[in-house]
Amino acid sequence: MTVKEVVKALNLECLTGGEELDREVNGGYCGDLLSWVMSKAQSGNAWITIMSNINIVAVAVLTDVSCIILCEDVTPEEDCIQKAEEQGVVILKSSMSAFELANKIGNLI
Amino acid sequence: MTDEILSLNYQVNGSDLQSAGVASSDVKKVLRKLGVSPEIIRKVAISMYEAEINMVIHANGGTIDVSISPEQIKVVLADNGPGIANIDLAMKEGYSTAPQTIREMGFGAGMGLPNIKKYADIMNITSELGKGTTVEIIVNIPQ
Ligand SMILES: Nc1ncnc2c1ncn2[C@@H]1O[C@H](COP(=O)(O)OP(=O)(O)OP(=O)(O)O)[C@@H](O)[C@H]1O
Ligand SMILES: [Mg+2]
């Protein structure tokens, strides 16, 4: 399933993302400690987190996740959105908890 | 072709946590253009990022020299920070001296150096208190 299809199915808010929305979501990783995410998130995963500062963009680029999903209605800082746009990183947003999101995405893909 | 080496150099600004990771992201792009395999790029990206971030958070910045040959990718990160008193202790999973403000940003799990150890083929770390720290990372490219 593509990022775009996940966005539609779960009614996620799309904060950034262009052609990257066509990437395949092959699984997911939940975590807020960046060095855990660096080591464990796999290329193509949806990364679910409440971390919303600019450093999540570099982590997403380097782990090559297909998207970042901010849960619990967390709002990223403006510089974070800007950097994500520059780097081609998809940032999505939802009011659901990490558990709910992971559960729903797990059922979708 | 064995002696063909591409060198990249970066200056890492210690007061700028906003752009931390830029050097690692750039190296990733270069390796991708060179056609290096995703597994090798992953090993370099994780280990270099952790060392780059450490340099910003713990050592007020420094310099990074990257050399890429057909056999290996070598990254040397040198800073003039406070140094590490006990390297064995610093290498332990969960050990961190990161202050609260830094932890709130998602750092400080004490997993950075262990990640480097795990993903680099060779990791050398030398440090002198009051002088600085040098981390050398080598990732071999299977022939
Ligand atoms: N370049 C450095 N200069 C001085 N001290 C360092 C340097 N790199 C690491 N350290 C010390 O080693 C400790 C462990 O580093 P490590 O990268 O494993 O964890 P961390 O940076 O605290 O947290 P994390 O990497 O999980 O965000 C640091 O907390 C710090 O005390
Ligand atoms: Mg670290």
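# A walk through two chains

In strand β5 of chain A, the bridge partner of A:E13 is A:K93. That is a small detail to begin with, but it opens the door to a whole sheet. Keep in mind along the way that you're looking at a predicted model.

So where does that pair belong? Strand β5 covers residues 91-93 of chain A, and two bridges tie it to β1(A), with the two strands running antiparallel. In general, the strands of a sheet pair through backbone hydrogen bonds, and they can do it in a parallel or an antiparallel way. Now zoom out: chain A has an open sheet of five strands, in the order β1-β5-β4-β3-β2, and its pairing is mixed. The strands at the edges are β1 (13-14) and β2 (28-30) of chain A; each has a single partner strand, so one side of each has no neighbour in the sheet.

Let's see what else chain A holds. Its secondary structure comes to five helices and five strands, and if you read along the sequence you meet them in the pattern α-β-β-α-β-α-β-α-β-α. The radius of gyration of chain A is 12 Å, close to the 13 Å that the globule rule gives for 109 residues, so chain A is as compact as a globular protein of that length. Along the principal axes, the C-alpha trace of chain A spans about 30 × 25 × 25 Å. Buried residues make up 55% of its 109 residues. As for surface, chain A exposes about 4,700 Å², and 48% of that is supplied by carbon and sulfur atoms. Chain A also carries 7 positive and 16 negative side chains, with the centres of the two sets 5 Å apart.

Before leaving chain A, stop at A:N11, in the loop between α1 (3-10) and β1 of chain A. Most residues other than glycine have a negative phi. A:N11 has a positive phi of about 55°, although it is not a glycine. Is A:N11 buried or exposed? With a relative accessible area of 70%, A:N11 counts as exposed, because the cut-off for that word is over 50%.

Over to chain B. Here you'll find five helices and five strands, this time following the pattern β-α-α-β-β-α-α-α-β-β along the sequence. Its radius of gyration is 15 Å, close to the 15 Å that the globule rule gives for 143 residues, so chain B is as compact as a globular protein of that length. The C-alpha atoms of chain B fill a box of roughly 45 × 30 × 25 Å along the principal axes, and 50% of the 143 residues count as buried. Look at contacts in chain B between residues at least 6 apart in sequence, and 65% of them join residues at least 24 apart. The accessible surface of chain B is about 7,100 Å², with 52% of it belonging to carbon and sulfur atoms.

A good place to look in chain B is strand β3, residues 72-79. Which of its side chains are buried? The side chains alternate: B:I73, B:V75, B:L77 and B:D79 point to one face and are buried, while B:Q72, B:K74, B:V76 and B:A78 point to the other and are not. On one hand, β3(B) pairs antiparallel with strand β2 (residues 61-68) of chain B over seven bridges, and a hairpin of three residues joins β2(B) to β3(B). Within that pairing, B:G62 has B:D79 as its bridge partner. On the other hand, β3(B) also pairs antiparallel with strand β5 (residues 132-140) of chain B, over eight bridges. There, B:I73 stands opposite B:V139.

Chain B has a residue with a positive phi too: B:N60, not a glycine, has a phi near 60°. B:N60 sits in the loop between α2 (38-59) and β2 of chain B, and its relative accessible area of 61% makes it exposed.

Finally, find B:F107, in the loop between α4 (100-103) and α5 (112-119) of chain B. This residue counts as buried, at 8% relative accessibility. What is B:F107 in contact with, leaving aside its neighbours within four places in sequence? The contacts are A:L34, A:N55, B:L17, B:Y49, B:I53, B:I57 and B:I102. That list takes in residues from chain A as well as from chain B.

Technical notes:
Residues numbered from 1 in each chain as written. Chains lettered and ligands numbered in written order. Predicted model: local features only at pLDDT ≥ 70, side-chain atom pairs only at ≥ 80, totals over all residues. Heavy atoms only, no water. Helix = DSSP H or I, 4+ residues; strand = E, 2+ residues; numbered from the N terminus. Rg over C-alpha atoms; globule rule 2.2 N^0.38 Å. Buried < 20%, exposed > 50% of the residue type's maximum accessible area, 1.4 Å probe, protein only. Contact = heavy atoms within 4.5 Å. Areas by Shrake-Rupley, 256 points an atom, 1.4 Å probe, with all protein chains shown as cover. Pairing = 2+ DSSP bridges. Lys, Arg positive; Asp, Glu negative; His and termini not counted. Charge placed at Lys NZ, Arg CZ, Asp CG, Glu CD.
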